[in-house]
Amino acid sequence: MNFSLISQRLKDLEHNIREDMELLNEFEEESRYETNPRIKAGYRKEIKRQQESITKYKKEYTELKKELDNSQESLAEVQNIYRQLEQMDSKLNLLVEGQVTIYQNLNQMQQNLLDQYDMSEQAVIAEIVKQLNNNQLTLTQTL
């Protein structure tokens, strides 16, 4: 259910409860001063009906309030998860950028190593160089 709809319904229920409480109070006041038993019985019937109406509104209000609170907690949890995912995404982007830089450096080192040999030797050495990791390549280049 939509937050604004729930909020509006809660306001409506508050209004209805207030109105029914005022009406209940009026019936109770009138019943207090009434001497005719038939009219008094009618007031008691209306008082009971108003009490039931108020109870029904309060029950609905409590249920909707609980639903709204749960929805807001769920929304807060989703927003927290979203923030965490954004942080993870930015960290992963940094890792990818670092890997690209490492890969470019490795390719440059391989090319620098191959440039030290003539064309006939480069084909054989290129296959060997492709299998070297960064440390091995640095050591080979240094040697």
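A salt bridge here is a side-chain nitrogen of Lys or Arg within 4 Å of a carboxyl oxygen of Asp or Glu. By that yardstick, glutamate 46 and arginine 49 pair up through their side chains, at 3.3 Å from N to O. The model is a predicted one, so to speak of local features takes a pLDDT of at least 70 and side-chain atom pairs count only at pLDDT 80 or more, while totals for chains, interfaces and linings use all residues. Residues are numbered from 1 along each chain as its sequence is written, and side-chain values use heavy atoms, with hydrogens and water left out.

Back to the salt bridges, of which the structure holds 3. Glutamate 46 and arginine 49 both sit in helix 2, 3 residues apart, or about one turn of the helix; helices are DSSP runs of H or I with at least four residues, numbered from the N terminus. Glutamate 46 counts as partly exposed because its relative accessibility is 25%, and arginine 49 gets the same label at 44%. The cut-offs are under 20% relative accessible area for buried, over 50% for exposed, and partly exposed in between, with a 1.4 Å probe and protein chains only.

Another pair, glutamate 29 and arginine 32, meets at 2.5 Å, N to O. These two are separated by about one helical turn, because they are 3 residues apart in helix 1. Glutamate 29 is partly exposed at 30%, whereas arginine 32, at 52%, counts as exposed.

Arginine 9 and glutamate 60 also form a salt bridge, at 2.9 Å from N to O. This pair ties together distant parts of the chain, with arginine 9 in helix 1 and glutamate 60 in helix 2, 51 residues apart. Relative accessible area is 30% for arginine 9, which is therefore partly exposed; glutamate 60 is partly exposed too, at 24%.

Next comes the nonpolar interior. The largest nonpolar core has 12 residues: Ile6, Leu10, Leu13, Ile17, Leu24, Phe27, Tyr43, Ile47, Ile54, Tyr57, Leu64 and Leu68. Helix 1 (3–33) and helix 2 each put at least two residues into this core. A core is a set of buried Ala, Val, Leu, Ile, Met, Phe, Trp, Tyr and Cys residues joined through side-chain atoms within 4.5 Å. Leucine 68, one of its members, touches Phe3, Ile6, Ser7 and Leu10 once residues up to four places away in sequence are set aside; contact means heavy atoms within 4.5 Å.

Polar residues turn up inside as well. Glutamine 50, in helix 2 (residues 37–115), counts as buried because its relative accessibility is just 1%. Beyond its neighbours within four places in sequence, glutamine 50 contacts Asp20, Leu23, Leu24 and Phe27. Aspartate 20 belongs to helix 1 and is buried without a salt bridge, the nearest side chain of opposite charge being arginine 49, 6.4 Å away. For charge, Lys and Arg count as positive and Asp and Glu as negative, with His and the chain ends not counted. With the same sequence neighbours left out, aspartate 20 is in contact with Gln50, Ser53, Ile54 and Tyr57.

Glutamate 22, also placed in helix 1, is partly exposed at 47%. Its C-alpha atom is separated by 9.8 Å from that of glutamine 50, 28 residues apart along the chain.
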